[in-house]
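Good morning, colleagues. I should like to take you through the interior of one protein model, beginning with its packing and ending with its empty space.

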Amino acid sequence: RDELSALASGAAGRTAVGAMVVATPVLLRRAVERLKARSPQTTVLVEEGDPARLLPRLRLGELDVFVGRLEPGYAARDLDTEPLYEEPMALVVRPDHPLAGRRPPPRWPELAALPWVVPPPWAASRAKLDRTFQRHGAEPPADLVETASFLATLTFVRARPAVGFLARSVARHFEREGQVRTLPVALELELPPVGLITPRGRRLTPGTERLLACLREVAARIRRSDGRA
C-alpha cells in the first residue's frame, strides 16, 4: 500500500540494499546514479557490512537485496542468488609510497615485512591471500589492520606506508582519483563472483526492481571491460 501510494502521489518508492565493500564504490554507485537519473524520487537506503550481518536482515525484510561476493557458505534454499561478474583483487599503496611505480615489482617476502590493511578473517579473499604468501615462501604479515570498509582501508593506507588489498575495480576507481597506486603484482586467487541475493518468493518493490535492472546493466559493462570500471 505504501508503495502504491507513493507511486500515485508522484514519488517512486524506496529500496533498501545491503552491500559489501567489493560492490559499493563502483557497481552500486553507478547503479544508483542510473536509477536516480530515471527515477529521482526513489529513496535508496544503503547498509554496508558483511554477509553474516546483512543476510539475516534480508530474511527479516529489513533489506530488499544484498550485493556482494556470493560466498558459498551463505547459500540457502530461501535465497535466490544471481552471479554478475568476476572480480579479481589488487594491491594498492599511497601515491608517494616507495613501491609505487617501482620496476621490477616487489617480491612477496618484501611485501610481508610491510604493514597491511586486509579483509577480516571471515572473507574468502583473506584466507587465499595468506596462502599466497606461504606459496611464495613468506609468512603472512604481522602488522595488520583488519577491516571490511573501503573507507577505513583508504584511511590506513594513506596514513601509513601500508599495503591495501582491494577489489580491482575499486582499486582502479580510487587510482583514477589519485588516492592510491596499484602495484603490478600478480594475484592468482580464485574468488566467488560478485552478485545479487534476494529472498526467494518475496514480491519485490518497484523501486527494488528498478535498482536490480540498473545493477545488471552496470555489471554487463564491467564484464565487457574485464573489470576496468
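Before turning to the residues, one term is needed: a contact here means that heavy atoms lie within 4.5 Å. Please also bear in mind that this is a predicted model.

With that cut-off, consider Leu-215. Leaving aside residues up to four places away in sequence, Leu-215 touches Leu-27, Leu-28, Ala-31, Val-67 and Leu-196. Leu-215 also belongs to a wider assembly, the largest nonpolar core, which has 66 residues. Among the members with the most contacts inside this core are Leu-27, Leu-91 and Leu-215, together with Leu-111 and two tryptophans, Trp-108 and Trp-116. Which helix gives the most to this core? That is helix α8, covering residues 206-224, with seven residues.

The two tryptophans lead us to the aromatic rings. In general, a pair of aromatic rings is described by the distance of the centres and the angle of the planes. The model holds three aromatic pairs. In one of them, the rings of Trp-116 and Phe-133 have centres 5.2 Å apart and planes at 75°; an angle over 60 degrees counts as edge-to-face, so this pair is edge-to-face. Trp-116 sits in strand β6 (residues 116-118) and Phe-133 in helix α5 (residues 124-135), so the pair ties together parts that are 17 residues apart in sequence. Are these two residues buried or exposed? Both Trp-116 and Phe-133 are buried. With Trp-108 they form one aromatic cluster.

Let me turn now to a polar residue. Thr-42 is found in the loop between α2 (24-38) and β2 (43-48). Its relative accessibility is 0%, and buried means under 20%, so Thr-42 counts as buried. The Thr-42 side chain makes a polar contact of 2.6 Å with the side chain of Ser-39.

Finally, the empty space. Rolling a probe the size of a water molecule over the atoms shows where such space is left. How many cavities of 30 Å³ or more does a search of the whole structure find? The search finds one, and the largest cavity has a volume of about 250 Å³. Its lining comprises 24 residues, of which Val-21, Val-22, Met-89, Pro-119 and Ser-125 are the closest to its centre. Strand β6 and helix α5, which we met with the aromatic pair, each supply at least two residues of this lining, as do α6 (150-159) and β8 (163-167). The most comes from β8, with three residues.

Thank you for your attention.

Definitions and conventions
Residues are numbered from 1 along each chain as its sequence is written. This is a predicted model: local features need pLDDT of at least 70, side-chain atom pairs count only at pLDDT 80 or more; totals for chains, interfaces and linings use all residues. Side-chain values use heavy atoms; hydrogens and water are left out. A nonpolar core is a set of buried Ala, Val, Leu, Ile, Met, Phe, Trp, Tyr and Cys residues joined through side-chain atoms within 4.5 Å. Buried means under 20% relative accessible area, exposed over 50%, partly exposed in between (1.4 Å probe, protein chains only). Helices (H or I, at least four residues) and strands (E, at least two) are DSSP runs, numbered from the N terminus. Rings of Phe, Tyr and Trp (its six-membered ring) pair if their centres lie within 6.5 Å; planes under 30 degrees apart count as stacked, over 60 as edge-to-face and the rest as tilted. A polar contact is a pair of N or O atoms within 3.5 Å; within protein, one must be able to donate a hydrogen and the other to accept it, and residues adjacent in sequence count only if both atoms are side-chain atoms. On a 1 Å grid over the protein atoms alone, a cavity is a set of points where a 1.4 Å probe fits but cannot get out, and a pocket is an open set with protein on both sides within 12 Å along at least five of seven lines; lining residues have an atom within 4 Å of a point. Grid points are joined across faces, edges and corners, and a volume is the space filled by probe spheres set on the points.
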